[in-house]
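Biologist: I have some words to test against a model. Please show me the structure, and then I will ask how each word is earned.

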Amino acid sequence: MAAITTTPGAHHDAEDPNASFLEKKGLMSWLVTLDHKRIGIMYLISVMIAFALGGIFALLVRAELLTQGKTLMDADTYNKMFSLHGVVMVFLFIIPSIPAAMGNIILPIQLGAKDVAFPRLNLLSLYIYWFGACFGLYSMINGGVDTGWTFYTPYSSSDPALGGVGSSTSVIPMTLAAFIMGFSSILTGVNFIATVHKMRAPGLTWRRLTLFTWALYSTSIIQVLATPVLAITLLLLTMERFLGLGIFDPRLGGDPVLFQHFFWFYSHPAVYIMIVPGMGVVSDIIATFSRREPVGYMAIAASSLGLALLGFLVWGHHLFVAGMSEYATMVFSALTFLVAIPSGVKVFNWVATLYKGSISLQSPMLWALSFIFLFTIGGLTGLFLGMLAVDVHLHDTYFVVAHFHYVMVGGTVMGFVGGLHYWWPKFTGKMYDEAPAKAGWFFVFVGFNITFIAQFIMGSRGMPRRYYDYLPEYEIFHQISTVGSWVLGFGFVIILYVLVKSLMSGKPAPRNPWGSAALEFQTPTPPPTFNFVKDPVLTRGQYDYQLATEDELYEGFDDPLFPGIRGGKPAAKPAAAAEGEKE
Amino acid sequence: MSSEATAGAHAGDHGDGHGDGHGHHGPKWLAHHFDTPAQQFDAAKLGMWVFLAQELLFFSGLFVAYGVYRSWYPEMFKAASHQLDKIMGGTNTIVLLFSSFTAAMAVRSSQLGKQKETGRYLLVTILCAFGFLVIKYFEYQHKFEAGLLPSRYFHPHMDHLVAGSAPLPANTGTFFGIYFMMTGVHGVHVIVGIGVLIWIYLRNQRGDFSKEFFTPVDIAALYWHLVDLVWIYLFPLLYLV
Ligand code: HEM
Ligand SMILES: [Cu+2]
């Protein structure tokens, strides 16, 4: 291999350097592992279980809204359903999904490192996540919460048992759950920052990092700077309920709007904790499946940082109607528009990369393209909401619900599932069936749009969010939306089937199934415990399709749709032939 | 910042440690996934600084709440702050400052390879930390007795208040809500710090550290300095307004 030369006599003579990280068996070998890949896999399983749980709650919420009045459950249960859906999706699924699960597995490999900087801390962050999830489960079993995932005071803080008029549900364990999981997020962020700074292989300069790495790096900055503010806010909320501090509870002289400021100072940046990693995944997928260096590489990288920083300045757009001063609302409105710049930079650069790229439309690419499409809609409707006058009308309607689902599901979940398909062969050593994978994508994409376009329309006509019942003129939209959610759910069932089938009986995956030039596809599949058989030294960038050798790009590369698309180069090499003889 | 540079600068550290069972080349304390001691040290240091930034933001929520309520109720803050014991608070400030100094000395002696001295300095630091908590305990006890508690439980007993104090305005309970949160969260950091310092002390006595490897001592001291730093802000804001 030309690009990745090796330092002679590097390390680990004790273990078989070629043994895959999946080799060791037994539950204990997983639970006490310090290997970032195994920790990542455990995270991956955890967040997928959380996603399924949150998805069931979502389907129940939608089913209840199928007809006017009571369809399935009473109003209290309904309130708990959408709250639990929100809490589980945000804190248990979407925030850890890409960074802690996929990032953990891929980031050190893309850096040419043997592990993250602090493996023990990494395992600790997983344990903390589980510990927090236990609190969440405890709260659910104990009656759940009906506050919405935002836990707004004074509703959440004023306890009826103590003469308040707020929520009587188990708020304290649920806020503690979010508080605890915050630490898991912070530790992952600290770990990744140190890893990116200090663990890069020789020759891997900042300009040679993958865009996925850049995205995770930016995300880590937000995680470290924003999450502690949420942590202290939730702690104050818990204590408010517990001790009656008088900070958020108006009966005691406190100010509930202060809670909203604190909460959104975290939760708006948190939107970027959710979306920036997805952008990173998409950047990598687009480069690989266009066989091209991303256009405006530095612009995409810098715009991740830009989003990370701007994200801290716009929280006030959630409080336009909560009683801020007029000047504050105007400033926040203006600042909100600025976010469009780095977002636009990314979208235009992705599109420019596709232009004149050699595109192959395999399933990861389909997810990446739908990311661009849906995120663009989500982002543009965000501008509506950032506009002061318009938001007064749209605030807390289904328009908002549709907007944030376009960003969070259309953005992050597309990035997550796309990444899952893209790296699946690396994670598991197994290929999946392309045709049903595409069918799964199709149902998700179509179902998603049906579900949420209906919500845009009814929201713009004034249907408020979080309502148990509605006027007859909204019924048709609710029905469309609910049917859409079934299509969407069916799509995910197909994907689950494809992945499980691949685990049971998938063909062994080649080292580089997509012909990518990135580092993680140059190491054996599945990677050995220390990631590389020999310490890598980089002499080219990870998107450099010109300098990458044929061996690097074409080993096992087999594109059923566009065989041999790269001008003049040989068509696909058979998957099995090259396996194992390199490295 | 590239690892090439660090690799070059510390090539001399390699040498020993062949065949130590972990299959890498370097001293025992060099973790398997690092190439050089310098890389390991730099990573640990950077990680700790990033973590400390996180700590500051954690406290910043409390400082913002403090700022907001102080600007809304300046009179109340003045009257309520008068009820805090400046002597005890001041003593605690000195105790913490001194412990920060001994923590720094512990790092210094560890760097020089003076293991005994390091142990002694660490012990003094730990004792100071306990001293801080003891003083805090008496302060809290007095507040409990005087009924100076967070809003819901706020019921001042006039006979326990500081002599000659003006009547407490409405919402004074909010001040004590903030007071207990700020000092309480800081106190938890002190307790965590004691745990960390004891662990470092035990490792030092076991002979884990040397001239070449003193990273954990350094990192723990950094944390302790932060605990001290936060208190240096809390003291004037709460006691001296
Ligand atoms: C899979 C299909 C999904 C459907 C059908 C769905 C449906 C819904 C519905 C009906 C609501 C209640 C809206 C309201 O009145 O506020 C809701 C709220 C919410 N959803 Fe989803 N959702 C889905 C997926 C997701 C995903 C993947 C995420 C995050 C990753 C998510 C995050 C949220 C959040 C944060 C809320 C707000 C909850 C609250 O108001 O407290 N949803 N969703
Ligand atoms: Cu926002």
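**Words and their cut-offs**

Modeller: Asp396(A) has a relative accessibility of 36%, so Asp396(A) counts as partly exposed. Bear in mind that this is a predicted model.

Biologist: Why is Asp396(A) called partly exposed?

Modeller: Buried means under 20%, and exposed means over 50%. The 36% of Asp396(A) falls in between, so the label is partly exposed.

Biologist: What makes the contact of Arg465(A) with Asp396(A) a salt bridge?

Modeller: The cut-off is 4 Å between a side-chain nitrogen of Lys or Arg and a carboxyl oxygen of Asp or Glu. Here the N to O distance is 3.3 Å, so the pair qualifies. Arg465(A) lies in the loop between α14 and α15 of chain A, and Asp396(A) in the loop between α12 and α13, so the bridge ties together parts 69 residues apart in sequence.

Biologist: Is Arg465(A) buried or exposed?

Modeller: Buried, because its relative accessibility is 15% and the limit is under 20%.

Biologist: How many salt bridges does this rule give over all chains?

Modeller: The count comes to 13. One of them joins Arg540(A) and Glu552(A), with the closest N and O atoms 3.0 Å apart. Arg540(A) sits in the loop between β2 and α16 of chain A, while Glu552(A) is in helix α16, 12 residues apart. Arg540(A) counts as buried at 4%. Glu552(A) is buried too, at 0%.

Biologist: What is the distance between the closest N and O atoms of Arg206(B) and Asp208(B)?

Modeller: It is 2.6 Å, and the pair forms a salt bridge. Arg206(B) has a relative accessible area of 61%. That is over 50%, so Arg206(B) is exposed. Elsewhere, Lys114(A), Asp535(A) and Asp35(B) are joined into one network by salt bridges that share partners.

Biologist: Why are α14(A) and α15(A) called roughly antiparallel?

Modeller: Their axes cross at roughly 160 degrees and come within 7 Å. Angles over 145 degrees count as roughly antiparallel, so the name fits. The crossing is left-handed. The residues of this contact divide into 19 nonpolar, nine polar and no charged.

Biologist: What makes His268(A), His317(A) and His318(A) donors of the copper ion (ligand 2)?

Modeller: Donor atoms must lie within 2.8 Å of this metal. ND1 of His268(A), NE2 of His317(A) and NE2 of His318(A) lie 1.7 to 2.0 Å from the copper ion, so they pass. Their spacing along the chain is H-x48-H-H. His268(A) is in helix α7, and His318(A) is in the loop between α8 and α9 of chain A, 50 residues apart. His268(A) is buried, with a relative accessible area of 7%.

Biologist: What is unusual about the backbone, and why would anyone flag it?

Modeller: Most residues other than glycine have a negative phi, and most peptide bonds are trans, so exceptions stand out. Arg291(A) is not a glycine, yet has a positive phi of about 50 degrees. Arg291(A) lies in the loop between α7 and α8 of chain A and is buried at 7%. Asn171(B) has a phi near 70 degrees, also positive.

Biologist: Which kind of peptide bond, cis or trans, runs from Thr153(A) to Pro154(A)?

Modeller: That bond is cis, with omega near 0 degrees. The bond from Thr525(A) to Pro526(A) is cis as well, with omega near -20 degrees.

Conventions. Residues numbered from 1 in each chain as written. Chains lettered and ligands numbered in written order. Predicted model: local features only at pLDDT ≥ 70, side-chain atom pairs only at ≥ 80, totals over all residues. Heavy atoms only, no water. Donors = N, O, S within 2.8 Å, 3.2 Å for Na, K, Ca; no water. Helix = DSSP H or I, 4+ residues; strand = E, 2+ residues; numbered from the N terminus. Buried < 20%, exposed > 50% of the residue type's maximum accessible area, 1.4 Å probe, protein only. Axes fitted to C-alpha atoms, helices over the stretch in contact; angles between N-to-C directions. Parallel < 35°, antiparallel > 145°, perpendicular 65-115°, else oblique. Left-handed = near helix turned anticlockwise from the far one by under 90°. Nonpolar A, V, L, I, M, F, W, Y, C, P; charged D, E, K, R; others polar.
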